Amino acid sequence: MNAQALLTRLRGQVPLLVTAVLLVSMFSVGSVQYDGFFSGQVVLNLLIDNAFLLVVAVGMTFVVLTGGIDLSVGAVVALSTMVSAWLVEQHGWPPLLVIPLVLLMGTAGGWLMGWIIHVFEIQPFIVTLAGMFLARGLCYTISVESISITDPTYTSMAQTRIPLGDLFVSPSALIALLVVAAAFVVLHYTRLGRNVYALGGSEQSALLMGLPVQRTKTTVYAISGFCSALGGVLLTFYMLSGYGLHAVGLELDAIAAVVIGGTLLTGGSGYLLGTLLGVLVLGLIQTVISFQGTLSSWWTRIVIGALLFVFIVLQRLITARRR
Amino acid sequence: MRQQPVLEVRGIRKEFPGVVALDGVDFRLFPGEVHALMGENGAGKSTLIKVLTGVHPSDGGEVVLAGERVRIAGPLQAQQAGISTVYQEVNLCPNLSVAENIFIGREPRRFGLIDWTAMRRRAAELVRELELDVDVSAPLNSYSIAVQQLVAIVRAVDVSAKVLILDEPTSSLDRDEVRQLFAVMRRLRDQGVAILFVSHFLDQVYEVCDRMTVLRNGRLEGEYLTSELNQVELVSRMIGAELAGLDQLGGGKRRERTAPTGPAFLQADRLTRRGAVEPYDLDIRPGEVVGLAGLLGSGRTEAARLLFGADQSDGGTLRIEGAVTALRSPRDAIARGIAFCSENRKTEGLVGELTVRENIVLALQAARGWTRPLSRTAQDAYALKWIRALDIRPGNPEALVRNLSGGNQQKVLLARWLITDPKLLILDEPTRGIDIGAKAEIQKLVANLAEDGMAVLFISAELEEVLRLSHRVGVLRDHRMVAQLDNDGGLTPERVMATIASGAHA
Amino acid sequence: SGSGSSDGKKSDGKLTIGFAQVGAESGWRTANTKSIQDAAKKAGVTLKFSDAQQKQENQIKAIRSFIQQKVDVIAFSPVVESGWDTVLKEAKAAHIPVILTDRAVDSKDESLYVTFLGSDFVEEGKKAGDWLVKEYASGSGDVNIVQLEGTTGSAPANDRKAGFADAIKGDPKFKIVASQTGDFTRAKGKEVMQAFLKSQPKIDVLYAHNDDMALGAIQAIEEAGKKPGTDIKIVSVDGVKDAFTAMSQGKINFDVECNPLLGDQLMDLAKKVKAGESVPRRIQTEEGTFTPEQATAALPNRQY
Amino acid sequence: MMSTAAATSPVKAVTRSRLFWPAVVLAVLLAANLAFTPDFFAVRLQGGHLYGSLIDILHFGAPLILVSLGMTLVIATGGIDLSVGSTVAISGALACLHISESPDPGSVATVLTAAGIALGTAVLLGAVNGLLVAKVGVQPIIATLILMVAGRGVAQLITDGQIITVTSDPYKLIGGGYWLTMPFAILLSALVVLATVLLTRSTALGLLLESVGGNPVASRLVGIRAMRLVALVYVFSALCAALAGLMVSSNVSAADGNNAGLWIELDAILAVVLGGTSLNGGRFSIGGTVLGALIIQTLSTTVYTIGIPPETTLVFKAFVVIAVCLIQSPAFRAKLAARGARARRTARPHAAAPTTNREVGA
Ligand SMILES: Nc1ncnc2c1ncn2[C@@H]1O[C@H](COP(=O)(O)OP(=O)(O)OP(=O)(O)O)[C@@H](O)[C@H]1O
Ligand SMILES: Nc1ncnc2c1ncn2[C@@H]1O[C@H](COP(=O)(O)OP(=O)(O)OP(=O)(O)O)[C@@H](O)[C@H]1O
Ligand SMILES: [Mg+2]
Ligand SMILES: [Mg+2]
């Protein structure tokens, strides 16, 4: 019976394994195809360049697992960069005050959206879309121009390279991995995490089982808000600027990463590590494109689409056959 | 019973748009008693329970818990106040494992983190107590509705509350499981827990309950000691009319009929599906009712699904009207005149958002294809005919199905398949949650359909019902068809049970 | 496959440029891309081209991958001014010179790039405004202006708006009575103009941040029964071929050119930079302004 | 939260109708415009055309209505179609390319061929989406995301990154022309809406779609060909989007591969949701969707006419969207009503004797 249990649990991981294997094969193809592709730094760059996306996608995973969606993440990221730049550069606030403030702001915004969604029973799509409008709009009310950051704390966060032998990572990448680890623990080893899954399985049942549905929902959106704000902070490190047009369409990338990672958009089923893989898939596609270096603008899009297509279809077919 | 009631409601009123579900209902529950809540389908039993536990806000009246007036805002608050509930439809999370479903919200923790090992171990222990053999780390939706019902019970019982509410917990359980459940209930009662029990099985009620409260049309009919009200009187209180005798309700004596002979409509020959049913043979002739008996999880549903193309068989042959047929989908089966009324009305049966009318015509419409719509008049005619025939309440064909009481939903599901006028009707627990008046009607209906030449495969956890209707009974055990017994009048529930127990051909 | 082979490439004497383009958001941008690609082919330069789909992060990633691929020169059109320091420092550390095209960056560290080749959006707005001031120098009544802005927050929109405002601010008779974003597209330009025509009782001048919006607005004006260029004067920026056609029909009164064809100039610059020659810090592309007459004359050999 | 269809009085029947609240919202928005532009409702005949803000709203709303229409059916099956924007761009690009390359761009035959090419391609694109979702079992959002990304590239490939300008009167008619004094686009989308209503409601298609979206498992067991239906719905959505693409490009006589239909998928989804169709699938309302699309278009027009500066447009939109949702939310109205009732009760002098209510666990 224990072996059987192990088997069922393993079966649950098949999609994850398939995704990982596909990812590795894609990397191998890239290495054969392009000079300089097969290097540890390329892999680490995936993390460095996508740290903010990873953090945002982790938050999105929570929301999607409950069967919701958060369209506001990209705009909240932009707003976070904007507020950081504005306060630090134009008002001279210390970064150590600004960063917690921005995180708090994101969390509160997310919490509020979750509250509206639950209490007034409005579809998450609309509420977070309004949140997206609001956050972007607030960016422009601060400034329509981009604001550069020259603050030493930010620049050192941006330019610090933590050596790993010959290679290096950025602090942001480490922060992102830390977030993944923390989220993993929360999802799999705390009641909150299990409530998230329950809510996604059936909200009605979760309510009747006496689970704290409202609290879970608001928390989940608050987490997504927090992750977006943190993503914004990481993006600020990355870009050293605040700008209202940062992270346009990031919500779709985040959702795509979550879904590619095997999480069901209808909620209740998915893996956090899948999201990590999803982000890597998107990043790797981007890397392949830039290594190719001969694609015109439209071919870039077509090839991104085609690679995504091949990946998704293979992933589906292999997992389907295994069952 | 001098004590103070642990739970008391006074003058509870609940209105839904267009329906008064509860109208001034009083109700008391004492510690250490098992109390039955009785009434026809749609009488308001489940609604009372939902109001009590805060799922629906009440429109009037008060709830007194241990002497204090309370306002219970939701199931969470109810649980915190010591009321543990199993609602009528299985309300668990299908995506989570059995163990999680039992413990979610109160998972054992170590250092603040969930202790998975402990959780699985304790879940396995609890499940074993009910003599259930399930893998607690498998997802809940890999189990049949009966198992899910038991898991819900295990969860509720383990909460160790002051008040335990069970809304039709036995609707798909077989005798053994019911016996085990009752043992648990008695033990809890003796520990001073107050238990509210809803069931349409009068025998069960008389076996385990001390007192009962009868509802009729959302109104309180009265509160009685079980010992002071016999079954006939109870039923007349429930339906509000005098009855000549119980016999009428029980569907009368078993019909004396000779089994039809002639070519089989459907023949399964060593039909099998790995992990679901071992190879089995089965013939069903037009005009014949074949029953399937077996314990919970014995594979009756799985066997039936193969005959409908709901699952693909991976061995054996199926002949329909003599021709070898591979059913690739339910659609294939329907095209050949087969209908399948599934046991799980919530997930596999009804479309909750659609109206009663739409749900009733759905199968017929699907068979006709979208280009040949049933006219609205025809739809209304079908809907009204079966609303009347099965006494579906409320009798409004435009009511949303998800707002109907459980029993009435079941009737809608049945109506859906009856209007397709199939050659073979597969009924999997068709009377689940149906009150005894309607049950008799349905049994009569099935018998009449068979007499008119329909082949019927009848699956029910209630053995008496199977025997009353069937010409022949297939017995399953551990996913294997162990016997087919002719029901020529001499077949008794005991003999079937013995067959199941011995697992040998009788 | 190893990283060493890029050295082999260098030895064949061919120059490799990594060019990180903003995207392909407009016909102007496409002409810009095409000019660079054609010029590279002509000059025998290996071009690593990357399209950022209007995202700064993508551009940064592209530049990183150019560094990884050890190109000889990196050139890019920044999506925005700010936020380039980190990646440019990396380029500097790898000893790869950087050329900015189209638009500058606001970095304090001047050593991060060698030169800037491109247009000045503020100047373009100013030119448009100056023309207007001259055009209405004699009149005394109010001049009601409606403005079709580019994508909110985008650099050309911000700068063309600022330059224009700056030029007309001296005379209070110039009133911008309505200003909305038309997202640089024809469809939006038409839609917004149509609304303006209904909500504004009197419109004298339309200033559009690019030709596409102006072309959309012209249709709206015509549908409202007015004559574009006569009833409502139109000033626009870019100078694409369709706008020249419209000008030759008298529908646009003044167009400020924003030249996308800087491919040849870029290749020259890159070669010089690689060869170690000194180049000016800032090179303005050759850009003119056009009146209908000039446009009619120039129309036949307009390339984009 | 729930309601039985039993309507007790005509008034209640109206307020309970799913179209009631979207209609109220639309009316309020239109009325708000009137405050700023007194002749907002004025429609006059000018040069043989109807001319006025209301006509503009319908005119510019027409493509959105079409796209939302397709989206409604997709959402009814529990799916979503992100690729509509790209399809809009591709269809416009194909049609304009064909016309601009044909020797006789002004002939009706050329335009019909062009439209045929565009719509035919759309069928193909829709079929790809449909197959991915129904047959391969890819989640709709990701299946259509593929085409959303690649499709725009394809559109640009077709136009070579340029804007293709066409001069063709018959083509101009589709999106920019007039017929019987009305913009042809309005008539065309009205026709398609009508046809779709007929198609779904006078055949069984609507019922079957709602069933598939409401409970896919049960639908399979009643013998509905869910796969085929789902695939078809994506084809339909692509067709609607392609038609919208013809309109958009015809209206400005140009095809813009990059910008045509950009972000229209979000607007379309928003229109569907505002119209009262749940993103979870099941019940759908085409009338609601049309109202939803008109609400969105009116909102843009409002922004232009009352002169909201572009920097604050989004903030304004955010508040309007939230206000609209709150008005439409039964839960919000119920809470408001309850609060009102409580206020009235406490205001009454003979309030019920104070009770010692204890909130359990609260
Ligand atoms: N959410 C709801 N909306 C509208 N009507 C409802 C709702 N819930 C229940 N009802 C109606 O209230 C009445 C009582 O239903 P209830 O579920 O309490 O019956 P019940 O006694 O439990 O019946 P059963 O034995 O069939 O389970 C029924 O007429 C039902 O249609
Ligand atoms: N010992 C068991 N007890 C309970 N369920 C089991 C057991 N063994 C297997 N199962 C699972 O329960 C299901 C039983 O199949 P099926 O639904 O056909 O049974 P059934 O005879 O119709 O019983 P019921 O519907 O009353 O549970 C299968 O999915 C099977 O995996
Ligand atoms: Mg009930
Ligand atoms: Mg069964």
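These legends accompany close-up views of a predicted model.

**View 1. A six-stranded open sheet in chain C.**
The six strands of this open sheet follow the order E2-E1-E3-E4-E5-E11 in chain C, and their pairing is parallel. Strand E2 (46–51) and strand E11 (282–284) of chain C are the edge strands, each pairing on one side only. From one strand to the next, the twist averages 20 degrees. Strand E5 (residues 115–118) of chain C runs parallel to E11(C), and three bridges join the two. One residue to look for is C:Gly118, whose bridge partner in E11(C) is C:Gln284. Helix H10 (residues 263–275) of chain C lies across strand E1 (16–21), strand E3 (73–76), strand E4 (98–102), E5 and E11 of chain C. This helix runs at about 165 degrees to E4(C).

**View 2. The magnesium ion (ligand 3) and its protein donors in chain B.**
Two protein donors hold positions 1.9 to 2.0 Å from the magnesium ion (ligand 3): B:Ser46 through OG and B:Gln88 through OE1. The pair links distant parts of the chain, 42 residues apart. B:Ser46 belongs to helix H1 (residues 45–52) of chain B. B:Gln88 sits in the loop between strand E6 (83–86) and helix H3 (98–103) of chain B. Both B:Ser46 and B:Gln88 are buried.

**View 3. The magnesium ion (ligand 4) and its protein donors in chain B.**
For the magnesium ion (ligand 4), the protein donors are B:Thr301 (OG1) and B:Glu343 (OE), at 1.9 to 2.6 Å. B:Thr301 lies in helix H10 (residues 300–308) of chain B, and B:Glu343 in the loop between strand E18 (338–341) and helix H12 (345–349) of chain B, so the pair ties together parts that are 42 residues apart in sequence. B:Thr301 counts as buried because its relative accessible area, 18%, falls under 20%. B:Glu343 is buried as well, with a value of 10%.

**View 4. Salt bridges within chain B.**
Over all chains, the structure holds 65 salt bridges. One of them pairs B:Arg305 with B:Glu348, their closest N and O atoms being 3.4 Å apart. This pair links distant parts of the chain: B:Arg305 is in helix H10 of chain B and B:Glu348 in helix H12 of chain B, 43 residues apart. B:Arg305 is buried at 14% relative accessible area, whereas B:Glu348 is partly exposed at 21%. A further salt bridge joins B:Arg376 to B:Asp380, with 3.6 Å between the closest N and O atoms. These two residues are four apart in helix H14 (residues 376–390) of chain B, so about one helical turn separates B:Arg376 from B:Asp380. B:Arg376 is partly exposed, with a relative accessibility of 46%. B:Asp380 is also partly exposed, at 23%.

**View 5. A salt bridge in chain C and a network with chain A.**
C:Lys251 and C:Glu222 meet through their side chains in a salt bridge, 3.0 Å from N to O. The two residues come from distant parts of the chain, 29 residues apart. C:Lys251 is in the loop between helix H9 (241–248) and strand E10 (254–257) of chain C, and C:Glu222 is in helix H8 (residues 211–223) of chain C. C:Lys251 is partly exposed at 22% relative accessibility. C:Glu222 is partly exposed at 35%. Elsewhere, salt bridges that share partners join A:Asp49, A:Arg161, C:Arg64 and C:Glu90 into one network.

**View 6. The interface of chain D and chain A.**
Here 45 residues of chain D are in contact with 42 residues of chain A. About 3,900 Å² is buried between chain D and chain A, and carbon and sulfur atoms give 82% of this area. D:Gln139, D:Ile146 and D:Leu314 lose the most area to chain A in chain D, together 14% of what that side buries. Zero salt bridges are found across this interface of chain D and chain A.

**View 7. Two buried residues of chain B.**
B:Met454 is in the loop between helix H16 (436–451) and strand E20 (455–459) of chain B. B:Met454 is buried, with 5% relative accessible area. Beyond its neighbours up to four places away in sequence, B:Met454 touches several residues, including B:Pro286, B:Asp421 and B:Pro422. The C-alpha atoms of B:Met454 and B:Pro422 are 7.2 Å apart, with their places 32 residues apart in sequence. B:Glu358, in helix H13 (residues 356–368) of chain B, is buried at 9%. Neighbours within four places aside, B:Glu358 is in contact with D:Leu207, D:Glu210 and D:Arg283.

Technical notes:
Residues are numbered from 1 along each chain as its sequence is written. Chains are lettered from A and ligands numbered from 1 in the order in which they are written. This is a predicted model: local features need pLDDT of at least 70, side-chain atom pairs count only at pLDDT 80 or more; totals for chains, interfaces and linings use all residues. Side-chain values use heavy atoms; hydrogens and water are left out. Two strands pair if DSSP finds at least two bridges between them. Axes are lines fitted to C-alpha atoms, for helices over the stretch in contact, and angles run from 0 to 180 degrees between N-to-C directions. Contact means heavy atoms within 4.5 Å. Donors are N, O and S atoms within 2.8 Å of the metal (3.2 Å for Na, K and Ca); water is not among the atoms, so sites may look incomplete. Buried means under 20% relative accessible area, exposed over 50%, partly exposed in between (1.4 Å probe, protein chains only). Buried area is the accessible area (1.4 Å probe) that two parts lose on being put together, summed over both. A salt bridge is a side-chain nitrogen of Lys or Arg within 4 Å of a carboxyl oxygen of Asp or Glu.
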